[in-house]
Amino acid sequence: MDPSVDTWDLSSPLISLWINRFYIYLGFAVSISLWICLQIVIKTQDRSSQEKSVPRAPQDLMTNGYVSLQEKDIFVSGVKIFYGSQTGTAKGFATVLAEAVMSLDLPVAIINLKEYDPDDHLIEEVTSKNVCVFLVATYTDGRPTESAEWFCKWLEEASSDFRFGKSYLKGMRYAVFGLGNSAYASHFNKVGKNVDKWLWMLGAHRVMSRGEGDCDVVKSKHGSIEADFRAWKTKFISQLQALQKGERKKSCGGHCKKGKCESHQHGSEEREEGSHEQDELHHKDTEEEEPFESSSEEEFGGEDRQSLNSIVDVEDLGKIMDHVKKEKREKEQQEEKSGLFRNMGRNEDGERRAMITPALREALTKQGYQLIGSHSGVKLCRWTKSMLRGRGGCYKHTFYGIESHRCMETTPSLACANKCVFCWRHHTNPVGTEWRWKMDQPEMILKEAVENHQNMIKQFKGVPGVKAERFEEGMTVKHCALSLVGEPIMYPEINRFLKLLHQCKISSFLVTNAQFPAEIRNLKPVTQLYVSVDASTKESLKKIDRPLFKDFWQRFLDSLKALAAKQQRTVYRLTLVKAWNVDELQAYAQLVFLGNPDFIEVKGVTYCGESSASSLTMAHVPWHEEVVQFVRELVDLIPDYEIACEHEHSNCLLIAHKKFKIGGEWWTWIDYNRFQELIQEYEDSGGSKTFSAKDYMARTPHWALFGANERGFDPKDTRHQRKNKSKAISGC
């Protein structure tokens, strides 16, 4: 036997295994994989069976047999109310809402957004089972208030930062109520809308539709922002009670109004984004039905959402289309009913609403206003009281010869088109760009204004220091300063009102904020027409006056051009706000050339106390020496003008055109009797016989001139009053 053959025969099985080793490895791998899968399935089944059959005995022993297996579920652990407020309204609403929440035996916390760090704490609300409420106001140019500025900035950046993602706040529940003014149509409640949108983009769940309060009493659904909030609060408390019980809202059956959908089920992200965009495009429609609007997923009913998230039978398409058509018809009918009244500024009875609401009437009455009808008011000036006591008059007495104790300060329109930072009424008056309110007749306004003024004068009878002759003179009104508050020129019957004043031998001093050029052009002659020139550039005017009109700068320039065409006395009134508008001399000079006024009053801003509606402080009030320096530099740029008069107590100087300097003497005062003769001739001629500013000028006394020792103080003033004035100046 060949030895080699035996060797081969013995090794042939090993060679076979070697040749097929790959199949062997594969078999082992498959076997191991199957074993591992089998073990996973077994363990999963064991865990599931254990969860379904938890022994009750240990639980019963731990609870002494009185509590069942599962403790009572807590669906709402508390409510956190966040507010961002400028004037204190949102803060007040937060307090009111907190009281309502506490009535449900729920813990509540009120948090100022200024003191809240969302980067550290907002994520905690995902698992806290709290309901977070955000009460946020919209401030100038659609920006948040100072207290909410950081929170909004953080939220906006987080919502667009991919590192946070769309589920960052998933599990957080929230509601938003915005505070705004629809007079600022381009950014009405913009902050509330943004906060709502950003929270939704981060995955938070909205428990109810956003509320929108409106300060504009004409467009407000319930007549005031307070009423809007009460309506929203009622719905929120109802929703909170349902959440507290663990109730889930049923799917909408398609019968609820837009903005009132009962369903809160989430649809796909694509559809939610689309519906949110639709909400932004059609928010006005929902406003007409409710004081708040729906948004994102709440925009659609349950049936609509079902059609997006599941398969729909062909037989059901007809029902869905019928529902869509029906909802569209209902929406159009609702728009037709509600839109008419809202756009026309009328109440439910079809009548125009009064400008002065009960809340506004109460606030203005506390400030000393005597309100007239539905949109006018009169108030006794402090200088009227001063001159009754023989203690000197206001700067108009120094510059133009007004007898302050015979001057009535009034307005036929409390509304204004600006919200100036130095408003001495702290923005308690309404705002608007056109007349949308109920209108009172000028005869009634003048009659009641004079009567109310006289009644206020009567209160000084017998007061120590009041001079008898001044008191008797004060009972007869000789001058009317239409500068109390608001924009008198907005009043549709302003020309009739002026005519009535002149018929009563009352001179007229009308002030306008340079936002109504057409009304200035159409204005009949007045004794003296003022235009407030609070800034000389578009940027600074927007910052200081905060106008409502989008084209405010063009309106401002057109108003100055209209002023230049007037033949009677015209005045620019400049209010200097330190660090805001005192460095624009060249621009001011250009505006002077544009309007060519007869006079320019330059006055340091008056600080009227702290106001949450304005950031103005004493640091913005220029010293009298600084005002004088500004005037000197301005006069150097306008060669046709010189400094004429000074009233140091009011921190005010008068620049006059050189045409009023005759023979080296200034003639800035007014011959009021001559003016009454001229205006009577104008009326008798049907307006054909005009007259100019120089036709009724009078010589300015020496004590009123700039540089005089009296510094604008009438020598007839008592020594005590001059002493008080000096103290007042040093304290300004």
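This talk walks through one predicted model, from a helical stretch to a sheet and then to salt bridges and cysteines.

Morning, everyone. Keep in mind that the model is predicted.

Let's start with the segment near the beginning of the numbering. An unreviewed UniProt entry lists residues 22-42 as a "transmembrane region". What does the model show over residues 22-42? The chain there is 100% helix and 0% strand. The C-alpha atoms at its two ends are 31 Å apart.

Now the sheet. How many strands form it? There are 10, and the sheet is open. Follow the order with me: β8-β9-β10-β11-β12-β13-β14-β15-β17-β16. Notice that β17 comes before β16 in that order. The pairing is mixed. The edge strands are β8, residues 370-372, and β16, residues 641-647. Each of these two pairs on one side only. From one strand to the next, the twist averages 25°.

A quick reminder on pairing. Strands of a sheet pair through backbone hydrogen bonds, and they do so either parallel or antiparallel. We have examples of both.

Take the parallel case. Strand β12, residues 507-512, and strand β13, residues 528-532, run parallel and are joined by 4 bridges. Opposite Val-511 you will find Tyr-530 in β13. A helix packs on the sheet here too. That is α18, residues 494-503, which touches β11 and β12. The direction of α18 makes about 150° with that of β12.

Now the antiparallel case. Look at β17. On one side, β15 and β17 pair in the antiparallel sense over 5 bridges. Val-602 stands opposite Leu-653 in β17. β16 also pairs with β17 in the antiparallel sense, over 6 bridges. There, Cys-645 has Leu-654 of β17 as its bridge partner. β16 and β17 make a hairpin, with 4 residues between them. In the turn, Asn-651 has a positive phi of about 55°.

Is β17 covered or open to the outside? It is mostly covered, with 6 of its 6 residues buried. In a regular strand, side chains alternate between the two faces of the sheet. See that pattern here: Cys-652, Leu-654 and Ala-656 point one way. Leu-653, Ile-655 and His-657 point the other way. Helix α23, residues 624-637, lies across β14, β15, β16 and β17. It runs at about 15° to β17.

Next, salt bridges. A search of the whole structure finds 17 of them. I'll show a few.

First on my list, Glu-403 and Lys-478. Their closest N and O atoms are 3.3 Å apart. Where do the two residues sit? Glu-403 is in the loop between α15 and β10, and Lys-478 is in the loop between α17 and β11. They are 75 residues apart, so this pair links distant parts of the chain. Glu-403 has 21% relative accessibility, so it counts as partly exposed. Lys-478, with a relative accessible area of 23%, is partly exposed as well.

Next, Glu-677 and Arg-674. This salt bridge has its closest N and O atoms 3.0 Å apart. Both residues lie in helix α24, residues 672-684. They are 3 residues apart, about one turn of the helix. Glu-677 is partly exposed at 44% relative accessibility. Arg-674 is partly exposed at 31%.

Then Lys-689 and Glu-681. Their side chains meet in a salt bridge at 3.3 Å, N to O. Lys-689 is partly exposed at 45%, and Glu-681 is partly exposed at 29%.

There is also a network of salt bridges. It links Asp-196, Arg-206, Arg-210 and Glu-212.

Last topic: cysteines. How many disulfides does the structure hold? The count is 0. Why is Cys-381 not bonded to another cysteine? The closest cysteine sulfur is in Cys-394, and it is 6.2 Å from the sulfur of Cys-381, too far for a bond. The cut-off for a disulfide is 2.5 Å between the sulfur atoms. Cys-381 is partly exposed, at 22% relative accessibility. Cys-504 is partly exposed too, with a relative accessible area of 45%.

To recap, find β17 in the structure above and trace its antiparallel neighbours, β15 and β16. Then look for the Glu-403 and Lys-478 pair. Thanks.

Conventions: Residues are numbered from 1 along each chain as its sequence is written. This is a predicted model: local features need pLDDT of at least 70, side-chain atom pairs count only at pLDDT 80 or more; totals for chains, interfaces and linings use all residues. Side-chain values use heavy atoms; hydrogens and water are left out. UniProt positions are given in the numbering used here, feature names are shortened, and annotations may be inferred rather than shown by experiment. A salt bridge is a side-chain nitrogen of Lys or Arg within 4 Å of a carboxyl oxygen of Asp or Glu. Buried means under 20% relative accessible area, exposed over 50%, partly exposed in between (1.4 Å probe, protein chains only). Two strands pair if DSSP finds at least two bridges between them. Axes are lines fitted to C-alpha atoms, for helices over the stretch in contact, and angles run from 0 to 180 degrees between N-to-C directions. Contact means heavy atoms within 4.5 Å.
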